[in-house]
Amino acid sequence: GVCLGVSVLYLCLAQRMDLNLEVVTPPGHIYLRCGTRNIETTARGFHVCSEHYLSPNTCALQTRTLKEIIGLVWMNHASLFLQNREYTRAVLYYEKAKKFLPQDPFLEELLGFSLILSGRQQEGHALLSAISATPPPHFLYPSPIVKEYLEGNVDASGIALLFEDPPKDRAGWLRKKERFEILLR
């Protein structure tokens, strides 16, 4: 499984065993913690030091509540629609996630871009503008993608290409590279 699915399974089992686990979400990932021991759910539960998850833009690791995990599941599902260019459905699922993650800047970013790509440019632009200057609490800098879009350095077609389903083979990656090069001309 993937990190979110396996972590949710671990959390369900931990609840049945009356074991309190902490949920940690470094950028693009999720793992669990019990006391001082990290449980890397994608590596059969091995301990990985917290510092391993920090990046040049990450100043702290974010912990989540069980309620927020439900939002992350909705968010993950929405991202599949975003990758497959089903933007209206992505918006619907990101809005469901927002009920559980009302102040999550990354969710706001994905929802903003999905709104733009679904034809609701004004709403999306307003959402992105609201988050553009302030970095999320666990980051040093705001999203460069949002900044590039708002400054007009990339348009909706570039954003769509950025978020689409990743290629499965080398030839697919080369085609995607060519499409990016065309957009940059």
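**Exercise 1. Two loops with positive phi**

Task: Locate Arg85 in the loop between H2 and H3, then state what phi it has and how accessible it is.

Solution. This is a predicted model. Start with the backbone. Most residues other than glycine have a negative phi. Arg85 departs from that: its phi is near 65°, a positive value in a residue other than glycine. Next, check accessibility. Arg85 has 39% relative accessibility, so it counts as partly exposed.

Task: Do the same for Asp18. Which loop holds it, and is it buried or exposed?

Solution. Asp18 sits in the loop between H1 and E1. Its phi is positive, about 60°, although Asp18 is not a glycine. The relative accessibility is 70%, so Asp18 counts as exposed. The cut-off for exposed is over 50%.

**Exercise 2. Building the sheet**

Task: Work out the strand order of the sheet from its pairings.

Solution. Take the pairings in turn.

- Step 1. E1 and E2 run antiparallel and are joined by three bridges. Glu22 has Arg33 in E2 as its bridge partner.
- Step 2. E2 (residues 31-34) is joined to E3 by three bridges, again antiparallel. Here Arg33 stands opposite Asn38 in E3.
- Step 3. E1 also pairs with E4, in the antiparallel sense and over three bridges. Val23 has Arg64 in E4 as its bridge partner.
- Step 4. Assemble the order. The result is an open sheet of four strands, E3-E2-E1-E4, with antiparallel pairing.

Task: Which strands stand at the edges, and why is one side of each left without a neighbour?

Solution. The edge strands are E3 (37-39) and E4 (62-64). Each has a single partner strand, so one side of each has no neighbour in the sheet. From one strand to the next, the twist averages 40°.

Task: How many residues lie between E1 and E2 in their hairpin?

Solution. Five residues separate the two strands of the hairpin. Gly28 is in the turn and has a positive phi of about 75°.

**Exercise 3. Helices on the sheet**

Task: State which strands H1 touches and which strands H2 lies across.

Solution. Begin with H1 (residues 3-16). H1 packs on the sheet and touches E1 (22-25), E2 and E3. The direction of H1 makes about 30° with that of E2. Now take H2 (residues 66-83). H2 lies across E1 and E4, and runs at about 100° to E4.

Task: How are H1 and H2 oriented to each other, and which residues meet?

Solution. The packing angle is about 150°, with the axes 11 Å apart. Angles over 145 degrees count as roughly antiparallel. H1 and H2 are therefore roughly antiparallel to each other. The crossing of H1 past H2 is left-handed. From H1 come Leu4, Val8, Leu11 and Gln15; from H2 come Leu66, Ile69, Leu72, Val73 and Asn76. By class, this contact of H1 with H2 has seven nonpolar, two polar and no charged residues.

**Exercise 4. From H2 to H3**

Task: Classify the packing of H2 and H3 and give the make-up of the contact by class.

Solution. The axes of H2 and H3 are 8 Å apart, at an angle of about 170°. That makes H2 roughly antiparallel to H3. H2 contributes residues including Trp74, Met75, Phe81 and Leu82, and H3 contributes residues including Tyr87, Tyr93 and Tyr94. Sorted by class, the contact of H2 with H3 has 10 nonpolar, three polar and two charged residues.

**Exercise 5. H7 and its surroundings**

Task: What is the orientation of H4 to H7, and which residues make their contact?

Solution. First, the geometry. The axes of H4 (residues 105-117) and H7 (residues 156-163) come within 10 Å and cross at roughly 125°. H4 and H7 are therefore oblique to each other. H4 passes H7 in a left-handed crossing. Second, the residues. Leu110, Phe113, Ile116 and Leu117 of H4 meet Ala156, Ile159, Ala160 and Phe163 of H7. By class, the contact of H4 with H7 has eight nonpolar, no polar and no charged residues.

Task: Which residues of H7 are buried, and which helices do they pack against?

Solution. Gly158, Ile159, Ala160, Leu161 and Phe163 are the buried residues of H7. They pack against H2, H3 (87-98), H4, H6 (144-150) and H8 (170-184).

Definitions and conventions. Residues numbered from 1 in each chain as written. Predicted model: local features only at pLDDT ≥ 70, side-chain atom pairs only at ≥ 80, totals over all residues. Heavy atoms only, no water. Pairing = 2+ DSSP bridges. Axes fitted to C-alpha atoms, helices over the stretch in contact; angles between N-to-C directions. Contact = heavy atoms within 4.5 Å. Parallel < 35°, antiparallel > 145°, perpendicular 65-115°, else oblique. Left-handed = near helix turned anticlockwise from the far one by under 90°. Nonpolar A, V, L, I, M, F, W, Y, C, P; charged D, E, K, R; others polar. Buried < 20%, exposed > 50% of the residue type's maximum accessible area, 1.4 Å probe, protein only.
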